[in-house]
Amino acid sequence: MRGKVYLVGSGPGSIDYLTVRAQQILAQAEVLIYDALVDAALLQLVSNTCFKIDVGKRGGEPSVAQTEINQLLVEHCQQNKQVVRLKSGDPFIFGRCTAEIEALKAADCAFEVIPGLSSALVAPLLAGIPLTDPVLSRCFTILSAHDPDLLNWEALAQIETLVILMGTKHLPEIVEQLQRRGRSPQTPVAIIRWAGQPQQQTWFGTLANIVHQTARQSLSPAVITIGEVVALHPYFQPTPESDLQRDSKQASIPVTSQPSTPNPQSPTPNLLTDKTVLITRSAGQSSQFAKLLQQTGATVLEMPALEIVPPSSWDGLDQAIAHLRDFDWLILTSTNGVDYFFERLTAQGKDARSLAGVNIAVVGKKTANSLSQRGLQPDFIPPDFVADSLITHFPDVDHLTGKKILFPRVESGGRDVLVKEFTDKGAVVTEVAAYQSRCPEAIAPETLTALKQGKVDIITFASSKTVQCFHQMLGVEANQLNNICIASIGPQTSAACDRLLGRVDIEAEEYTLEGLVQAIVQWARVSG
């Protein structure tokens, strides 16, 4: 198959605003070349085998040169790869597509442009600002203020509504230029930061006071909207009980008035506003946990501390699948176990009907949810979301003699207590490798820098294996976490923290990601 490059717009950031076409293309990507402002959740939509390249492209921070990006696109396409160039917003709105398309055409590379929602349109909308109005705004202009000296401010000052990207660094100059050319100091201004993200913030003011209002605030990345239509925002805000507001989970902070009503589904909005949380997780894992934390106001860094890959051999699992009807129970203790078991079931030409007559036990809500996505409900979930509680509450636990149990699990490094306890009860347990877990080779440079510079307040761990890999990757630096709060999802993970990191500061009462968020919020409330 001939290689092809897809220039894809990711929208304003959140996966909620990604187009269906873009999602389809990401699922097929063999190479992903993406910008820094792309939401990390979108990177989970590509396959585990996709080669990912971060090229930066965020103002004021290191980035790969455009000529080098052009060359990367050409080289991978000429290797007959399906290449996705993922850009924030829309590719044709300040997306530097021209240079990339010229390079692709010169090399006779096939390409396609996939549109995305531009933040220039989305940000005002989410702040309740209509860009057009029959009276107040019969036209609007979108501009980049990256280099204000190149702009015709005389002409821009005459346009009713301005939408400015890449302009927060030059906000004082923008304000001064417009007023010098006759724009009223009382002209309404809105600055929308992280539009479409759970941590969205909006500042409202005028040309006369917006610079003062936002002094010492971190504004980038943001969209600036200037014009009389900005004053209409109170009339176009969703009501507190609307489904749209509950789903968007936005926190709008108008600095010229009282703070907006907190999101009704976020009982402690902005409690973690001044905290940076580092999430250690499996590579490719959903970032739902990050969204939960962002709803409390936290800044979230995600660090892959575990790689989940196929087992060294499928023989054991394939043989078990061929004789599924011989088993009384199938035990699944993780979403990884569910994913790889059903992936292999499909590869063998079978589906969920092959499990007819087999009872299924799972550990944890996430595992149960993963199973339900395949149209199946577990027959048993222990009340405590840990594997050790499975045998304690197992149905008819005293009559397991001769019962055949299939246990797809991690190839190595798993806990053996479950198998021992079932075997002691007389059950015949067949363990098969469904996947491997291993440590990544190194910590991403930006994460390591954040740790060394003391920019991380809390580190979270959702499994003992992520603790082990974090400790292994960090090496001697692991002893320099004295000022960082260590948060654990449950007892086994806490034990690993104690053993390898010397302590644990937070442990979730309910051993779920939601429970861990609540524990962190409670810690923040108590610690002030």
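**View 1. Asn80, a residue with positive phi in the loop before strand 4.** In this predicted model, Asn80 is partly exposed, because its relative accessibility of 43% falls between the limits of 20% for buried and 50% for exposed. Its place is in the loop between helix 2 (66–78) and strand 4. Asn80 is not a glycine, yet its phi is positive, at about 60 degrees. For background, most residues other than glycine have a negative phi.

**View 2. Strand 1 with its partners, strand 4 and strand 5.** Just past that loop we meet strand 4 (82–87), which runs parallel to strand 1 and is joined to it by six bridges. In this pairing, Lys4 stands opposite Gln82 in strand 4. Strand 1 also pairs with strand 5, again in the parallel sense, over five bridges. Here Tyr6 stands opposite Glu112 in strand 5. How many of the six residues of strand 1 are buried? Five of them are, so strand 1 is largely enclosed by the rest of the structure.

**View 3. Helix 1 and what covers its buried residues.** Helix 1 spans residues 20–28, and its buried residues are Ala22, Ile25 and Leu26. Looking down the axis of helix 1, you will find these buried residues within an arc of 100 degrees, so they line one face of the helix. The cover over them includes strand 1 (4–9), strand 2 (31–34), strand 4 (82–87) and strand 5 (110–114).

**View 4. An open sheet of five strands with mixed pairing.** Follow the strands across in the order 6-7-10-8-9. Strand 6 (140–144) and strand 9 (201–206) are the edges, each pairing on one side only. From one strand to the next, the twist averages 15 degrees. Helix 6 (residues 171–180) packs on this sheet and touches strand 7, strand 8 (188–193) and strand 10 (222–226). The direction of helix 6 makes about 15 degrees with that of strand 10. At one edge, strand 6 and strand 7 (residues 161–165) pair in the parallel sense over five bridges, and Leu143 stands opposite Ile164 in strand 7.

**View 5. The cis peptide bond between Ser220 and Pro221.** Omega is about 0 degrees for the bond that joins these two residues. Pro221 lies in the loop between helix 7 (210–213) and strand 10. As a reminder, most peptide bonds are trans.

**View 6. The largest nonpolar core, with 28 residues.** Where should you look for the residues with the most contacts inside this core? They are Leu330, Leu332, Phe341, Phe342, Leu355, Ile360 and Leu406. Elements giving two or more residues to the core include helix 10 (315–322), strand 13 (329–332), strand 14 (359–362) and strand 15 (404–410). Helix 11 provides the largest share, five residues. Zooming in on Leu406, and leaving aside neighbours within four places in sequence, its contacts include Ala320, Trp329, Leu330, Phe341 and Val432. Apart from this core lies another, of 22 residues, among them Leu272, Ile489, Ile506 and Ala524. In soluble globular proteins, nonpolar side chains tend to be buried together.

**View 7. Gln348 and its contacts with Asp318 and Ile321.** Gln348 is found in the loop between helix 11 and strand 14. With a relative accessible area of 35%, Gln348 is partly exposed. Not counting residues up to four places away in sequence, Gln348 touches Asp318 and Ile321. Gln348 and Asp318 are 30 residues apart along the chain, with 7.6 Å separating their C-alpha atoms.

**View 8. Two exposed loop residues, Asp274 and Asp396.** Asp274 sits in the loop between helix 8 (243–248) and strand 11 (276–282). Its relative accessibility is 58%, which counts as exposed. Asp274 and Ala298 are 24 residues apart in sequence, and their C-alpha atoms are 6.7 Å apart in space. Asp396 lies in the loop between helix 13 (388–393) and strand 15. Asp396 counts as exposed too, at 52% relative accessibility. Although not a glycine, Asp396 has a positive phi of about 50 degrees.

Methods: Residues are numbered from 1 along each chain as its sequence is written. This is a predicted model: local features need pLDDT of at least 70, side-chain atom pairs count only at pLDDT 80 or more; totals for chains, interfaces and linings use all residues. Side-chain values use heavy atoms; hydrogens and water are left out. Two strands pair if DSSP finds at least two bridges between them. Helices (H or I, at least four residues) and strands (E, at least two) are DSSP runs, numbered from the N terminus. Axes are lines fitted to C-alpha atoms, for helices over the stretch in contact, and angles run from 0 to 180 degrees between N-to-C directions. Contact means heavy atoms within 4.5 Å. A nonpolar core is a set of buried Ala, Val, Leu, Ile, Met, Phe, Trp, Tyr and Cys residues joined through side-chain atoms within 4.5 Å. Buried means under 20% relative accessible area, exposed over 50%, partly exposed in between (1.4 Å probe, protein chains only). The arc is that of the directions from the helix axis to the C-beta atoms.
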